[in-house]
Amino acid sequence: MEMLIYFCLCFLIAFRSHSNQVTIMNQKPQIRTIIIEIICLLFVLLFVYAAASKLFDFQHFKIQLGQSPLLSAFAGWLALMVPIAELVICIFLIVPRYKRAGLFSAYGLMVMFTVYIFIILNYTSFIPCSCGGVLEKLDWKSHMLFNIAFIGLAAAAILLYESSRLKNHSFRRRRLIGTFSIITFSAVGIVTVLFMLSENIIHYHNKLIRRFPQSPLQEQAKTDLKFNSFYIAGADSSNIYLGNLTAPLMVTTLNKSLLQTQQELISLNRTNLPFRAVKVSVKAPCFFVTDGTIPAVFSGKTDDWKAKLVYNQGEYFTTALAVDSSSIVVVTNDKITGENILGVIETGSDKKTILNPEILQKQFDGVFDTDGQLLFSTEMNKIVYLYAYRNEYTIADKKLRITGKGNTIDTISQAKLSIAKDKKHKQRKFSKPPLFVNKRSAVYNNLLFVNSAVPGLYEDDRMWKRTSVIDVYDLLQKTYILSFTIIDLNDQKMKEFLVHNDQLYVLIGNHIIRYKMDKQITSKYRK
């Protein structure tokens, strides 16, 4: 309806302007000339309005273009070139000497816009929100029909403009056909090449340009836990297991509806140890209780929640994560330098600790600059270490042999830290807050989910104030896939999350929320 009103308004304006010309000339106008002028005025109205809308809200337009799944990598200069091109074409259409060039330019630009929408609808990973301006209420298919109508108008105006010159001139007809063909194929080619180049840049050479598809998550359940001391200890296909910092040996089991089905107190066969940092890690049907300050590792089964001491008096560690029923991966420290080292503690009959100081790469001190998150992909059977203060992750097998490295899409490759020595207490501390790059993370199958701390290009600051942004990467292809947001709850941001198959569990304040991820994400899992 709005499009029809727009056409009628444009026609009335154009008709009124030409009615004055008819009165002055006091003679019958040439229908062909009037039609050409009406079409030119329609294009002038369209392009002036479109260009003005883009320029008056330039930052918003640039953000919209940056979120396009087709031209993200070129949003910076395209955001300026498109409205300038529209205004230049308007000048051509108004000046009689350049009217022919203006009509051909308008035709070419509308072909490019139409090809852009066609690729959006058929060849991109997601369809973004519709554009603004006069077409903001149109969906993408209606928008394409609108563009096709204007392509037809431009072609008709060109044919009418050339009609007197084409009579009995076969050469000029062939040249006109050739001009149409060149402009059409060039317009299609330019947009197609930009799309292909943009895809390569976004996925393999990204410089912090994110793509946010529409609704990749659907909230399925939400529960108020009443306390904010819970953390996620693990999950399986039916349940999620929560540990509690204020009740270190208490495990709460929730089903997929986030209803409590069980709450158990873990029974340890040794309780006379000086526990200070107890943490539970569930790898169903097994679980581990760890305290790296002793150091000690207990192991048991989830059917009775009884745990036996399986490791003691070995390497001290700061972080521990269950790998399988008989081993955990830990972050420990070099006994001489104090630098962080990745290790695997095997708790089976052949008890031993494997260390590899080559995995965590030192930049400054080997302690603060190698801080990060420890992850394990059961499906890949690989350990993943994501650095907190730089755009890098390392992949290793359970024997701590490095199998790959990759980067997140931000550009911070060197940790930006200010570290001071406290001589009195013989400690090293941050002299000012560090610049986080990767705040939290999770892994499932071949996908790495990273809660980023760094805003990207063409992103609204308001979004960062009310949401947490998660970027998704393919560890096998070492590519960026897409991003999505987790909305804050009661002005509180997400503090932890876990992914299991198509389920995303999120802790925010006192609440736990379960989301279902759609095929935009799950289709990327390794089969």
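## Helix 4 and a nonpolar surface patch

Leu87 counts as partly exposed because its relative accessibility is 33%, where partly exposed lies between buried, under 20% relative accessible area, and exposed, over 50%, with a 1.4 Å probe and protein chains only. This is a predicted model, in which local features need pLDDT of at least 70 and side-chain atom pairs count only at pLDDT 80 or more, while totals for chains, interfaces and linings use all residues. Residues are numbered from 1 along each chain as its sequence is written, and side-chain values use heavy atoms, with hydrogens and water left out.

Leu87 lies in helix 4; helices (H or I, at least four residues) and strands (E, at least two) are DSSP runs, numbered from the N terminus. Together with Val48, Leu55, Leu80, Ile84 and Val88, Leu87 forms a nonpolar patch on the surface, with about 440 Å² of accessible area for the six residues together. Such areas come from the Shrake-Rupley method with a 1.4 Å probe, and for residues only the protein chains shown count as cover. A patch is made of residues with over 30% relative accessible area and no salt bridge (a side-chain nitrogen of Lys or Arg within 4 Å of a carboxyl oxygen of Asp or Glu), and nonpolar side chains (Val, Leu, Ile, Met, Phe, Trp, Tyr) are joined within 5 Å. Helix 2 and helix 4 each supply at least two residues of this patch, and the largest share, four residues, comes from helix 4.

Helix 4 also has a buried side, made up of Ala75, Leu78, Ala79, Val82, Pro83, Glu86, Ile89, Cys90 and Leu93. Seen down the axis of helix 4, these buried residues fall within an arc of 125 degrees, so they line one face of the helix; the arc is that of the directions from the helix axis to the C-beta atoms. An α-helix has 3.6 residues a turn, so residues three or four places apart point the same way. The buried residues of helix 4 pack against helix 2, helix 3 and helix 5, where contact means heavy atoms within 4.5 Å.

The helices named here span these residues:

| Helix | Residues |
|---|---|
| Helix 2 | residues 31–56 |
| Helix 3 | residues 58–66 |
| Helix 4 | residues 75–94 |
| Helix 5 | residues 99–123 |

The protein chain as a whole has nine helices and 27 strands, and of its 527 residues, 49% count as buried.

How values were computed. Patches are made of residues with over 30% relative accessible area and no salt bridge: like charges are joined within 9 Å, nonpolar side chains (Val, Leu, Ile, Met, Phe, Trp, Tyr) within 5 Å.
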